[in-house]
Amino acid sequence: MPSIGSLAAVAMLLVSGAHAHFQVQHPDVIQPFVDDSEPDAPCGGYTPDPAKLNATDFHVDGDWLSTRQTHPYSNWLYRITTDLTAAGNWTEIYPIFRQTGQGEFCIPKVTVPQNFTGQTAILGFVSDAPDGLLYQCAAVRFVEGSVEAPAECKNASGVTADYISDSNLSPLVNNPSEEKATSFGVSARSDTFRGLGAMFTVGVMVMVGAFMVV
Ligand SMILES: [Cu+2]
């Protein structure tokens, strides 16, 4: 007899259905989203062509990133590289975190080290989802200053997030946040983030809900 855990995992895949895994809302991705290719590193099915990048300005002192996921939860890594073929040398630009709940998630004030100003880079989104690692890429040009997030930077109702360690994601950057995650999550939590306890409660509820669907 299969374990409750494996049934729940299958149920979650069924619940997420014929899904799009995740899509980037902002900035624009380099090539059109292809659902079946999203598991292919580093960008979801292609290698960026440095001669054909239509880069979006990204303000190093604060800019916004927005995604929409169809999974009940996933862990997120946001990373950048000035290797315009996205072959490596990735820098993490936000601590790895877990999004619980489907739908839009937006971080309104992502910062980048100021020494990137003036450079063009690939911005990589990696989602450690119930069905594995998933990838998308945008091209960005780093500019001075900051920008306010627009109205479309919003979170779907019921979505929560919390910083987390993820041994699948941390090897994908040169500066993983695993060390930071423990203290950062406790002492510098932004008010859009809830406690670990709430995260686990929601996680258990999702598991139970998925199990009951079968
Ligand atoms: Cu998926």
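**Note on the predicted model: central sheet, disulfides and aromatic cluster**

1. In this predicted model, six of the seven residues of strand β3 are buried, so β3 is largely enclosed by the rest of the structure. The strand covers residues 63-69, and residues count as buried when their relative accessible area is under 20%.

2. Strand β3 belongs to an open sheet of three strands, ordered β1-β3-β6, in which the pairing is antiparallel. The edges are taken by β1 (22-26) and β6 (103-110); each has a single partner strand, so one side of each remains without a neighbour in the sheet. On average, and with direction ignored, neighbouring strands of this sheet are turned by 20 degrees against each other.

3. The contact between β3 and β6 is antiparallel and extends over six bridges. Within it, Leu65 has Ile107 of β6 as its bridge partner, and Asp63 stands opposite Val110, also in β6.

4. On the other side of the pairing scheme, β1 and β3 run antiparallel and are joined by four bridges. Here His26 has Ser66 of β3 as its bridge partner.

5. Two disulfides are found in a search of the whole structure. With the bonded cysteines of the protein numbered in sequence order, they pair as 1-3 and 2-4.

6. One of the disulfides joins Cys43 to Cys137, with an S to S distance of 2.1 Å. Cys43 is located in the loop between β1 and β2 (56-59), whereas Cys137 is in strand β8 (residues 132-143); the pair therefore ties together parts that are 94 residues apart in sequence. The torsion about the S-S bond is about -80 degrees, which means that the disulfide of Cys43 and Cys137 is left-handed. Both Cys43 and Cys137 are buried.

7. A disulfide is also formed by Cys106 and Cys153, whose sulfur atoms are 1.8 Å apart. Cys106 lies in strand β6 and Cys153 in the loop between β8 and β9 (160-163), so this pair ties together parts that are 47 residues apart in sequence. The link of Cys106 and Cys153 is left-handed, with -100 degrees about the S-S bond. Cys106 counts as buried because its relative accessibility is 6%; Cys153, with a relative accessible area of 16%, is buried.

8. Turning to the aromatic residues, a search of the whole structure gives ten aromatic pairs. One of them is formed by Phe97 and Phe105, with 5.3 Å centre to centre and 40 degrees between the planes, and is classed as tilted. Both Phe97 and Phe105 are buried.

9. Phe97 and Phe105 also appear in a cluster linked by ring pairs, which includes Phe22, Trp76, Tyr78, Tyr94, Phe125 and Tyr163 as well. Among these members, Phe22 falls within the range given for β1 (22-26) and Phe105 within that of β6 (103-110), the two edge strands of the sheet.

10. A further aromatic contact involves a charge: the charged end of Arg79 sits over the ring of Trp90, at 3.8 Å from the centre of that ring.

Notes: Residues are numbered from 1 along each chain as its sequence is written. This is a predicted model: local features need pLDDT of at least 70, side-chain atom pairs count only at pLDDT 80 or more; totals for chains, interfaces and linings use all residues. Side-chain values use heavy atoms; hydrogens and water are left out. Two strands pair if DSSP finds at least two bridges between them. Axes are lines fitted to C-alpha atoms, for helices over the stretch in contact, and angles run from 0 to 180 degrees between N-to-C directions. Rings of Phe, Tyr and Trp (its six-membered ring) pair if their centres lie within 6.5 Å; planes under 30 degrees apart count as stacked, over 60 as edge-to-face and the rest as tilted. Buried means under 20% relative accessible area, exposed over 50%, partly exposed in between (1.4 Å probe, protein chains only). A charge sits over a ring if NZ of Lys or CZ of Arg is within 6 Å of the ring centre and within 35 degrees of the ring normal. A disulfide is a pair of cysteine sulfur atoms within 2.5 Å.
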